[in-house]
Each structure stands twice: as structure tokens, then as C-alpha cells.
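Q: Please take a close look at the nonpolar interior and the aromatic rings of this model. Which residues make up the packing there, and how are the rings arranged?

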Amino acid sequence: KYLVKSLVMALAAASLASAAGSAVAADFKPRIIRFGYGLSEDSNQGRAVKFFAEDLAKRTGNKVKAKGFGNASLGSDIQMQNALIGGAQEMMVGSTATLVGIVKDFGVYDLPFLFNNEAEADAVLDGPFGQKLAAKLQEKGLVGLVYWENGFRNLTNTKRPVAKLEDMQGVKLRVMQNPVYIDMFNSFGANAVPLPFSELFTALETKTVDGQENPVTTIESSKFYEVQKYLSITKHVYSPWIILASKKWWDGLSADEKRVLQESAVASRDFERKDTRAAAGKAIDTLKGKGMQVNVVADAELARMREKAKPAFDKFAADGGAEVLKELQGEIAKVRK
Ligand code: TF8
């Protein structure tokens, strides 16, 4: 009995030693990754970047370090994408919606009322569809690692609660720099004004625009309650974030470095989705506490919006997106079964 026990212990010790040995032997160069993002440090985005950095440091014995730059201090999503392509910045997280200037097909995620819930989105984004779309970034100089959750988007404005389609009439609404959003909100009767997120708070504060749309987590962490009165729960689009790396930089990494970056990206994704969903569950109460007036838009009205958005679907399809739209709808149908 004693022999068996000591044999087991010896084996365990040996496997521990070899695990430690392989970590030491792994090919990690001391590196500092500039990891940019648009929201504040204490947002769900900031927390997940911090998680990623800590996870990566652990996996590389502190050799590969990610330094987070929040609040768009390295630039807007689009500016950062260009810095990655040029090799002036290593990594970022941002909205897939802002990638449409690089890979048009990304606009497919922005069409309204596609996903019914987060589980459907996870399955499609992490599955072959999401992977295939992300892979299209490679030839443009970007490596798409994983999707994080931004979340279902809702409307805020200073004019009136949006309870029905007509309430959006004439509301100057900031949207992301993406034709699907512009077409969709114009077809709802709003005046869509595309702006980078980094300019949004000021635009609301100075009343350059009346409203905006984002997940409740962002409405809270970006303090939009200070400059917006009405929050209308529409969940009109499920909005993903994507972790991007500079392809120029990525190609110079060792196989071990690429592997741990991918592992940390996956770990951060799992952390981020959990954390975001917990935060979203509490955000509406917090926003009410901050003085926002909240209404939930009725299903029948959402169905009218879905109907009104038809031109945005048609235009996206006619503009070369027919195939990717059909593929996405097919994947969602599969997941639903
Ligand atoms: C938006 C997006 C943003 C994100 C973030 C800056 O409205 O939802 O919150 O792109 O990464 O612009």
C-alpha cells in the first residue's frame, strides 16, 4: 500500500516538474502589448481587459504583459483598427459594427432582431459562422481572436419615452459608423447621426444629438444617465465585441506566444460574458436610481420595427451581403432547434 502511494506521489511530482519545465522552456520573449479600448476602466470592457492582462501574465510567467488603454485614449475603434493594421499598436477590443469599412460582411450582425437571446449569440459567434467571418480579417491585416459580449442595444433620449415606432420621429439619434444602423434608424423615422463612441458623451451633453442606443451596461458605465432622461428597452440588436490583434505583429510571435494569447483570449471571453450578464441584470435598477425613466417596449411594437427595418435588410443583401445573411440566418435556425 505504501509503495503504491509513494509511486503515485512520485508520478505526480514528475508530471508537475515537467509542466513547470515546459512553461520555462516555452518560447516567450519579454513583450508589452498595448491593448486599447473605448469604454472606461471600471466598465465591463475595462474589467475584462484587466482579466486578460492578469491571465496572460500568469501563463507566461510575467514575460508577456498587456497594458490596457481605456477611454479611447489610443483612439476610436476605427483609429485603433488602423493602428493595428499598420503595426503601431498590438491589440484592441471594439465593436464588430465598426469593422464594416474593412470587411463589409460584419454588417450582418447589425441587422435587427436576429438573435433571441445570449445563448444563441454565443453558439453562432463561437461556432463556424463566427470563426469564418473573423478569418476574413486576416488578409486585411487583423487577427480576430474571440468575441466578447457588448450586448443587446436599447434606446435612450431626452425627448420622450419611445413606446411605439412613431415616438422616434425626428429624434436625432447617434448611431455607430455603419450603414446598417444608419439605414435602420432612418427607416424608423429617427435622424441617424453616425459618430465615433469617443465623441458621444459630449454630443449628448451639448445636445448635438438627442439620443443614442447601447446596452444598459454601457449606459451605466459611460454615465449617460447624466445627460439622458428616457431609457426604452428594445433589445433591437445583439452587439458583439471582438478582440483584435495586429497581423503584422502577430506574424512575428512564436507558436507558444500565439497559443497562450489565444488561451487568454478564450479565458477572458468566458469571464467577460459572465461579468457582463451579471452587470446587465443590475443596470436597469441602477439607472432608475439615477433618475432615468424606463419603459419596456411591447412585443407588438418591436414586430412593427422589425417590419420597418426591411429596407435595411434588402439593402444589405443587395449590396453583396445576401450570402452571408442567408448563412447567418441558417446558423441561427440550426441553433434554435
Ligand atoms: C458604440 C459601441 C461602443 C463600443 C466600445 C467603444 O456604441 O457600442 O460602446 O464600440 O468598444 O459605439
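A: The answer below goes from the cores to the ring pairs, then to charges over rings and one helix.

The model is predicted. Its largest nonpolar core has 55 residues, and Phe 106, Val 108 and Phe 185 are those with the most contacts inside it. Helix 12 (residues 310-336) gives the most to this core, contributing 7 residues. Contacts of Val 108, apart from neighbours within four places in sequence, are with Leu 114, Phe 129, Leu 133, Phe 316, Val 324, Leu 325 and Leu 328. A second core, separate from that one, has 28 residues, including Phe 52, Leu 145, Trp 148 and Trp 241. In soluble globular proteins, nonpolar side chains tend to be buried together.

Turning to the rings, a search of the whole structure gives 10 aromatic pairs. Phe 185 and Phe 188 have ring centres 5.3 Å apart and planes at 90°, so this pair is edge-to-face. Both Phe 185 and Phe 188 are buried. The pair of Phe 197 and Phe 224 is tilted, with 5.9 Å from centre to centre and 50° between the planes. This pair links distant parts of the chain, 27 residues apart: Phe 197 belongs to the loop between strand 7 (191-194) and helix 7 (200-205), and Phe 224 to the loop between helix 8 (216-221) and strand 9 (230-233). The burial of the two partners is as follows. Phe 197 has 24% relative accessibility and therefore counts as partly exposed, whereas Phe 224, with a relative accessible area of 1%, is buried. One aromatic cluster is formed by Phe 106, Tyr 109, Phe 129 and Tyr 147. Of its members, Phe 106 is also among the residues with the most contacts inside the largest core, and Phe 129 is one of the contacts of Val 108.

Lysines also sit over rings. The charged end of Lys 67 is placed over the ring of Phe 69, at 5.0 Å from its centre. Lys 235 lies over the face of Phe 152, 5.6 Å from the ring centre.

Finally, helix 11 (residues 299-308) has Glu 301, Leu 302 and Met 305 as its buried residues. These cover an arc of only 100° around the axis, so they are on the same side of helix 11. An α-helix has 3.6 residues a turn, so residues three or four places apart point the same way. Asp 299, Ala 300 and Glu 307 are exposed on the other side of helix 11.

Note on methods:
Residues are numbered from 1 along each chain as its sequence is written. This is a predicted model: local features need pLDDT of at least 70, side-chain atom pairs count only at pLDDT 80 or more; totals for chains, interfaces and linings use all residues. Side-chain values use heavy atoms; hydrogens and water are left out. A nonpolar core is a set of buried Ala, Val, Leu, Ile, Met, Phe, Trp, Tyr and Cys residues joined through side-chain atoms within 4.5 Å. Buried means under 20% relative accessible area, exposed over 50%, partly exposed in between (1.4 Å probe, protein chains only). Helices (H or I, at least four residues) and strands (E, at least two) are DSSP runs, numbered from the N terminus. Contact means heavy atoms within 4.5 Å. Rings of Phe, Tyr and Trp (its six-membered ring) pair if their centres lie within 6.5 Å; planes under 30 degrees apart count as stacked, over 60 as edge-to-face and the rest as tilted. A charge sits over a ring if NZ of Lys or CZ of Arg is within 6 Å of the ring centre and within 35 degrees of the ring normal. The arc is that of the directions from the helix axis to the C-beta atoms.
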